Amino acid sequence: MARNKYDVDEVLEDKFDVNQLKRLAGYILPHKKVMLVVLFLMLSSSALGMLTPRFFMAVMDKCIPAGDMKGIIIYAVLTTLISLYLCICLRIKIKLMTRVGQGIIHSLRYDIFTHLQELPFSYYDERPHGKIQVRVVNYVNNLSDLLSNGIINTITDLCNLIFIIFFMFSINVRLTLVCLCGLPVLFTVVVLIKKKQRKAWQIQSNKQSNLNAYIAESINGIRVTQAFVREEENSGIFNRLSNNCRDAWMVAVKYLFLMGPTVDIISTFTSAAIYVLGITWMMKPDSGITVGVLIAFTAYIGRFWTPINTLASFYNSLLTAISYLERIFETIDEPVRIKDKEGAKEMPPIQGKVEFKDVTFSYEEGVEILKKVNFTAEKGQTVAIVGPTGAGKTTIVNLLSRFYNVDSGEVLIDGINIEDVTTRSLRTQMGVMMQDSFIFGGTIMDNIRYGNKEVSDEAVVRAAKTVCAHDFIMNMENGYDTQVNERGSRLSQGQRQLISFARALLADPKILILDEATSSIDTETEILLQQGLNKLLEGRTSFIIAHRLSTIKNADFIMYIDHGGIKEIGSHEELLEQKGDYYHLYMSQYDFLKEEKQEESQS
Ligand SMILES: Nc1ncnc2c1ncn2[C@@H]1O[C@H](COP(=O)(O)OP(=O)(O)OP(=O)(O)O)[C@@H](O)[C@H]1O
Ligand SMILES: [Mg+2]
């Protein structure tokens, strides 16, 4: 069985790329002031916190033997004040860092989303959309913890560690050296599992992406699934992908869970060694080790291993984060293939002459869909494009809107190569109605207007009237303010087409492209629509793709597309006279209509 795209893992990067972190730093730097404040709070509180074991030591070794009650009280009050300061700092830190973390995530998500908006159709052709979504939503979210607390915690932990080592040395050098013996063991463990751990997280992110892609696809295809009773099979596929995801997760956390116990074991062994050696040395005169020293020292050991433990788990989240960052930056770096040329001009107001000169195009390398296509449409002409399914009709109009770049040849509008002007200035002057009319969640009014703020409500209604959509819209419970769902599931196919049609008209385009605009609309409405449209099309160049030939008879010329090129071109009458493919196509529809009419009159 051929593997589906959701089954194919994305390519993993081999090397741990420090540049990813450098780029992330670019997002963190704008928040450096707040972070410095937090860092100061954390460092000051942990430095003060370090003093408390020393207070114990002083109480044990000095105040208690001397019966100095006042001293004990002073140390007790100081310890309480320090704890209070610690609490306040912690509270401020949590608040500020959560804000910083969310701020960074917002910028990252914004960048990835705005970039996605600019990526060409071909990017979306190549991969399941669920895999794109998972980057914007889940991966970015997963960085949240790392960014909001991880970085500050790591810096404070590192500083803590330095403080602790300093204090430990200041109390007793020999005991400190014993304690530090545990570190090389830990390092060895980290180095040994590092590579595997990184790979495990990468695989996990891949499996999550696959699962997401499948879920997204299943939701989009739910109607077909239920119509073909494929629920069980789909649950099976889901089960497999979800299991893969779980297994990958279990492998990845195995390494994470290895770290905690390793640190614990090392810390237990070093603590034991310190007790044994400490007490042995305490017996000897002049060793400088007292009960107070030993108590203070063991308190420091406890604190010594805590930051190491958190550093180890930070290291783990860093590895996870990098596997996500790779994907996020990969998306942001994806070249906008339909990018405006350096110094691209604005398209001047379009007059309407359209030329294709030797246009060759392929979606995938080696499979040419159009081969050296040539035609010219003069200003104001209506051009009909017909031909069998998959012939390349939609492709021609896709190239005209520059949704894809041609492989060779030129597409000219008013003699200007469309690759020399900005896509924005080009597309704002064109009205495109695509074959799959997409409806967005929102009101009908918003859907027709679709972000075009300059358009008044009256203009929307006028456009709707032109395409005969006004009546059915007014019949809905709230008229133009009726809410429709994403994909327009409340509307019939024909109604969706009419709304998209109105949307295309609204921009007052000089070039109008209608791809199967009326294929789902009943013939009666279509005739009415045609009348309104004929007036509207005057002075505009329009390209009409239709399988129903009755709609295009009046076109200035008709192009019959097949086998990668224009097979026949001419007016309806001319093509009928040629008795070629168009003639046969027309006749088959004509015969069909005739038969239908006869049947009607008989019954
Ligand atoms: N995004 C794509 N990636 C790869 N190949 C594509 C893509 N879109 C279309 N094709 C291929 O290009 C050819 C032309 O497709 P096109 O959509 O232009 O056909 P069409 O003439 O509009 O057909 P229809 O009448 O069914 O709408 C088809 O053979 C199709 O397989
Ligand atoms: Mg098509």
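**Two sheets and a set of packed helices**

I start with the six-stranded sheet. In this predicted model, 6 strands form an open sheet in the order 6-9-10-3-11-12, with mixed pairing. Two strands pair here if DSSP finds at least two bridges between them. Helices (H or I, at least four residues) and strands (E, at least two) are DSSP runs, numbered from the N terminus. At the edges stand strand 6 (430–433) and strand 12 (565–570), each with a single partner strand, so one side of each has no neighbour in the sheet. From one strand to the next, the twist averages 15 degrees.

Before going on, a word on the numbering and the model. Residues are numbered from 1 along each chain as its sequence is written, and chains are lettered from A and ligands numbered from 1 in the order in which they are written. Because this is a predicted model, local features need pLDDT of at least 70 and side-chain atom pairs count only at pLDDT 80 or more, while totals for chains, interfaces and linings use all residues.

Now the pairs within that sheet. Strand 3 (residues 382–386) and strand 11 run parallel and are joined by 4 bridges; Val383 stands opposite Phe557 in strand 11. Strand 11 (residues 557–562) is joined to strand 12 by 5 bridges, and these two run antiparallel. Ile558 stands opposite Gly570 in strand 12, and Met559 has Ile569 as its bridge partner. What lies between strand 11 and strand 12? They form a hairpin with 2 residues between them, and His563 in the turn has a positive phi of about 50 degrees.

Helix 16 (residues 493–506) lies across strand 6 and strand 9 (511–515), at about 170 degrees to strand 6. Contact means that C-beta atoms, placed from the backbone, lie within 7 Å. Axes are lines fitted to C-alpha atoms, for helices over the stretch in contact, and angles run from 0 to 180 degrees between N-to-C directions.

Next, the other sheet. Here 4 strands form an open sheet in the order 2-1-4-5, and the pairing is antiparallel. Strand 2 (368–377) and strand 5 (416–417) are at its edges with a single partner strand each, so one side of each is left without a neighbour in the sheet. Strand 1 (residues 354–362) is joined to strand 2 by 6 bridges, and Glu355 has Thr376 in strand 2 as its bridge partner. Helix 11 (residues 393–400) lies across strand 1, strand 2 and strand 4 (408–413), running at about 115 degrees to strand 1.

Now the helices. Helix 3 (residues 69–118) packs with helix 10 (residues 291–333) at an angle of about 40 degrees, with their axes 8 Å apart. Helix 3 and helix 10 are therefore oblique to each other. Angles under 35 degrees count as roughly parallel, over 145 as roughly antiparallel, 65 to 115 as roughly perpendicular and the rest as oblique. Leu108, Asp111, Ile112, His115 and Leu116 in helix 3 meet Ile328, Thr331 and Ile332 in helix 10.

Helix 5 (residues 129–171) also packs with helix 10, at about 155 degrees and with the axes 7 Å apart. Helix 5 and helix 10 are therefore roughly antiparallel to each other.

Last, the domains. The protein is divided into domain 1 (17–333) and domain 2 (347–429 + 546–603), with bounds from an automatic or database domain assignment. Their C-alpha centres lie 60 Å apart.

Key. Contact = placed C-beta atoms within 7 Å.
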